[in-house]
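Me: Please take a close look at a single part of this model, and then place that part within the chain as a whole. A connected account would be preferred, with the cut-offs behind each term stated.

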Amino acid sequence: MSFLNYFNKPILKIPVIIGLITGLLTFAYFLGLYALDVNPLGNIRTPDFGIHIITICYACWYFRKKIGLGWMHLWEGLTIGYVLNMTAAFLTGWLVYLFVTIIDPQIFTDYLNNMEHLLLDGKEKLVEQIGEEEFGVLLSNVKDTDPSTLISDEISKKFVIGIIPILLISLFFRRQQPIK
């Protein structure tokens, strides 16, 4: 029995396939913002998690209807949600990274400049809260940011943002067989 046969299960196959589709849709949203001349690396990209929510709902519904024959445990919903979410975030992170490094590096430069200006605009409040030394460290960290951080940033943001919605979706689609 091959190692890959362990991954040839619907509980993993369905969310990975739908996660890849979700990653492509999320990247299409990124490209749409780019086409509209909006910097797609800013907070304007946050609504792309709606695509994740819709596809997680679909994947749970599909699994319950076609694989579980009307039944789905909570852990199955959680597994589907997290595998789909992380697959999509991983793919989107890499596609955005490749776009920013190969096609249009100016987007990343503009994004860093915007972050720097945002920090400098709120310097008084930040220095009051964290101190002058920490503010200097924060500002230098922004200046030293590398495009490769976009990948880990995408994955960590989607993981944190996804905790509550994935739990709620899993609870909504959960249906267990009655014990006889």
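Reply: Helices (H or I, at least four residues) and strands (E, at least two) are DSSP runs, numbered from the N terminus. The part chosen here is helix α1, in which Tyr 29 has its place. This is a predicted model, in which local features need pLDDT of at least 70 and side-chain atom pairs count only at pLDDT 80 or more, while totals for chains, interfaces and linings use all residues. Residues are numbered from 1 along each chain as its sequence is written, and side-chain values use heavy atoms, with hydrogens and water left out.

Three residues of this helix may be taken in turn. Tyr 29 is partly exposed, with a relative accessible area of 26%; buried means under 20% relative accessible area, exposed over 50%, and partly exposed in between (1.4 Å probe, protein chains only). Apart from neighbours within four places in sequence, Tyr 29 is in contact with Ile 44, Arg 45, Pro 47, Asp 48 and Ile 51, where contact means heavy atoms within 4.5 Å. Between the C-alpha atoms of Tyr 29 and Ile 107, which are 78 residues apart in sequence, the spacing is 15 Å.

Thr 26 also belongs to helix α1. With a relative accessible area of 0%, Thr 26 is buried. Residues up to four places away not being counted, Thr 26 touches Asp 48, Ile 51, His 52 and Thr 92. Asp 48 and Ile 51 therefore appear in the contact lists of both Tyr 29 and Thr 26 under the definition of contact.

Gly 23 is likewise located in helix α1, and its relative accessible area of 0% makes it buried. On the same sequence filter, Gly 23 touches Ala 88, Leu 91 and Thr 92. Gly 70 stands 47 residues from Gly 23 along the chain, and the two C-alpha atoms are separated by 27 Å.

Beyond this helix, in the loop between α1 and α2, lies Asp 37. Its phi is positive, at about 65 degrees, although Asp 37 is not a glycine, and at 75% relative accessibility Asp 37 counts as exposed. A similar description applies to Leu 69, which has a positive phi of about 50 degrees without being a glycine. Leu 69 is placed in the loop between α2 and α3 and counts as exposed, at 68% relative accessibility.

The packing of the helices can be considered next. A nonpolar core is a set of buried Ala, Val, Leu, Ile, Met, Phe, Trp, Tyr and Cys residues joined through side-chain atoms within 4.5 Å. The largest such core has 13 residues, of which Ile 56, Ala 59, Cys 60, Phe 63, Met 72 and Ile 80 touch the most other members. Two or more residues of this core are given by each of α1 (10-35), α2 (49-67), α3 (74-103) and α7 (149-173). The largest share, 4 residues, comes from α2. Met 72, leaving aside neighbours within four places in sequence, has contacts that include Cys 60, Phe 63, Ile 80, Ser 170 and Phe 173. Another core lies apart from the largest one; it has 11 residues, among them Phe 27, Phe 99, Phe 108 and Leu 112.

Helix α7 also holds Ser 156, which is partly exposed with a relative accessible area of 38%. Ser 156 and Ala 89, although 67 residues apart along the chain, have C-alpha atoms separated by 8.6 Å.

As to the whole, the secondary structure of the protein chain comprises 7 helices and 0 strands. The radius of gyration is 20 Å, well over the 16 Å that the globule rule gives for 180 residues, so the chain is more spread out than a compact globule. That radius is taken over C-alpha atoms, and the globule rule is 2.2 Å times the number of residues to the power 0.38. Along the principal axes, the C-alpha atoms fill a box of roughly 65 × 40 × 35 Å. Of the 180 residues, 33% count as buried. Among contacts between residues at least 6 apart in sequence, 78% join residues at least 24 apart.
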